[in-house]
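This report describes selected features of one protein structure for a reader new to it. Please keep the sequence and the model in view while reading.

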Amino acid sequence: MIGRTTTDDRLVTAYRGGDDAAFDELARRYRAQVQRYAASILGDRRALAEDVAQETLLRAALALRRDDRPIHVRAWLLTVARNCCLDELARTRASPVDVTVLADRLPSAQGTPEQRLDIKQDLAAVVSDIALLPSLQRHALVRREVDGISHAELARELGTTTQATRSLVMRARVALVRDREARDAACDEIRDDLLRATDERRRASMRTYRHLGGCADCRRFKSRIRTTRRALAALVPAPLLVALVGAKVAAVSTAGGKATLAKTAAVGCAGACLTAGAVELAPHTFGAGTPSPQRVDSVLLAGGRIARRQPLPRGVALVQRAVPAASGASSLAVTLACPDGLRVGDLLAPIGGRATMYYRPAPRIGVDRSARVVVDRPATLRTGLTARILCVRTPGPGGAQRRP
């Protein structure tokens, strides 16, 4: 007889033997645990936890009768629930999830508040990246790296060869690394690529699209570019547009075609190029309370640093500006200005590659509101950089710098 005192192993055996009531008892025992575990992974989508728990039990019921391997029921059901959660996150194209419960279980979770915040942010990003992997890659990576099964077991599970499973795991690892690199890329670099792609009428790089998947601000920027292009196109009367196109075609066929075409293209591009240039060269200011776009290290900060996505404290601002990859220029200079009430505090390392940065002329730290930064780029660098300064609150009486 099936009852509340029947062991899990006997219930599994009975269910595999055709007794459906045995699985009903297993579901009664573990449904609540599975639902709580699913809610801890789904985060702001925890309302779906009940549906995920139902799907977990359905998958488990089908899987139990496919083989007779011995299992530890609770651990196995939570594994199935985790896979269902990843599938759900992939279907909804998840943003970073609340993984506080999972992060608190890590051995390294007992550090400082800043360290714990970094751990939770990294874990949330990894869970989201895994969820967006192709299903076979995701299954192979999780089963191999999290569950620790061998490639031989994974091959039997997927009905393929060990060579194929190794390839799946490797591709999944490479994808996660690229996703992380794209996620950590400076928004200025991504927006620079979007603008260049628009100007050259091509698709942006895959790195840019990976970054867009996790950055709402850059997605809005991309949308504004598209909206601006449509508005500019609407300003051109149809007869003038035909005339411009005809002039370009005629210019190509003339003896001096290149020069004439260049002039005609300049006329046709004047408005759009001016608009794009104004957007590209504008500095970006991140004020107090705004999530930091990158990790910031400076002796002027309490604790010496601000973690990525951590809100900037009061009395602090981060000002950065894209330095485009201009061919033939070994150095470029940009001017960065602090918001009202703040002054130049620290010159931060550039984003996007190694380069030498210095002030010219040297500003009065804690006194001047703006600084001119010179970037000496290596000859091998082919991409743009982002110059950054840290602005801090105006010095107090007597010239002593007040820390934020």
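## The disulfide

Cys 338 has a relative accessible area of 1% and is therefore buried. The model described here is a predicted one. Within it there is 1 disulfide, and the bond links Cys 338 with Cys 391, the two sulfur atoms being 2.0 Å apart. Cys 391 is likewise buried, since its relative accessibility is 0%.

The S-S bond of Cys 338 and Cys 391 has a torsion of about -80°, and the disulfide is therefore left-handed. Cys 338 belongs to the loop between strand 5 (331-337) and strand 6 (342-351), whereas Cys 391 is part of strand 9 (residues 385-393); the pair therefore ties together parts that lie 53 residues apart in sequence.

## Cysteines considered for other bonds

Why does Cys 84 not form a bond with the closest cysteine sulfur? That sulfur belongs to Cys 85 and lies 7.1 Å from the sulfur of Cys 84, which is too far for a bond. Cys 84 itself is buried, because its relative accessible area is 0%.

Cys 187 takes part in no disulfide either, and its nearest cysteine sulfur, in Cys 218, is 3.6 Å away. A disulfide requires the sulfur atoms to be within 2.5 Å. With a relative accessibility of 13%, Cys 187 is counted as buried.

## Contacts of the aromatic rings

The structure contains 1 aromatic pair. In this pair, the ring centres of Tyr 15 and Phe 23 are 5.2 Å apart and the ring planes meet at 40°, so the arrangement is tilted. Both Tyr 15 and Phe 23 are buried.

Tyr 15 has a further contact, with a charged residue: the charged end of Arg 65 is placed over the ring of Tyr 15, at 3.8 Å from the ring centre.

## The second largest cavity

How many cavities of 30 Å³ or more does the structure hold? There are 2 such cavities. The second largest of them encloses about 30 Å³ of space. Helix 2 (20-42), helix 3 (49-64) and helix 4 (73-91) are the elements that each contribute two or more residues to the lining of this second largest cavity.

Phe 23, a member of the aromatic pair with Tyr 15, is one of the lining residues of the second largest cavity. The others are Leu 26, Ala 27, Leu 57, Leu 64, Val 73, Trp 76 and Leu 77. By type, the lining consists of 8 nonpolar residues, with no polar and no charged ones.

Note on methods. Residues are numbered from 1 along each chain as its sequence is written. This is a predicted model: local features need pLDDT of at least 70, side-chain atom pairs count only at pLDDT 80 or more; totals for chains, interfaces and linings use all residues. Side-chain values use heavy atoms; hydrogens and water are left out. On a 1 Å grid over the protein atoms alone, a cavity is a set of points where a 1.4 Å probe fits but cannot get out, and a pocket is an open set with protein on both sides within 12 Å along at least five of seven lines; lining residues have an atom within 4 Å of a point. Grid points are joined across faces, edges and corners, and a volume is the space filled by probe spheres set on the points. Helices (H or I, at least four residues) and strands (E, at least two) are DSSP runs, numbered from the N terminus. Ala, Val, Leu, Ile, Met, Phe, Trp, Tyr, Cys and Pro count as nonpolar, Asp, Glu, Lys and Arg as charged, and the others, Gly among them, as polar. Buried means under 20% relative accessible area, exposed over 50%, partly exposed in between (1.4 Å probe, protein chains only). Rings of Phe, Tyr and Trp (its six-membered ring) pair if their centres lie within 6.5 Å; planes under 30 degrees apart count as stacked, over 60 as edge-to-face and the rest as tilted. A charge sits over a ring if NZ of Lys or CZ of Arg is within 6 Å of the ring centre and within 35 degrees of the ring normal.
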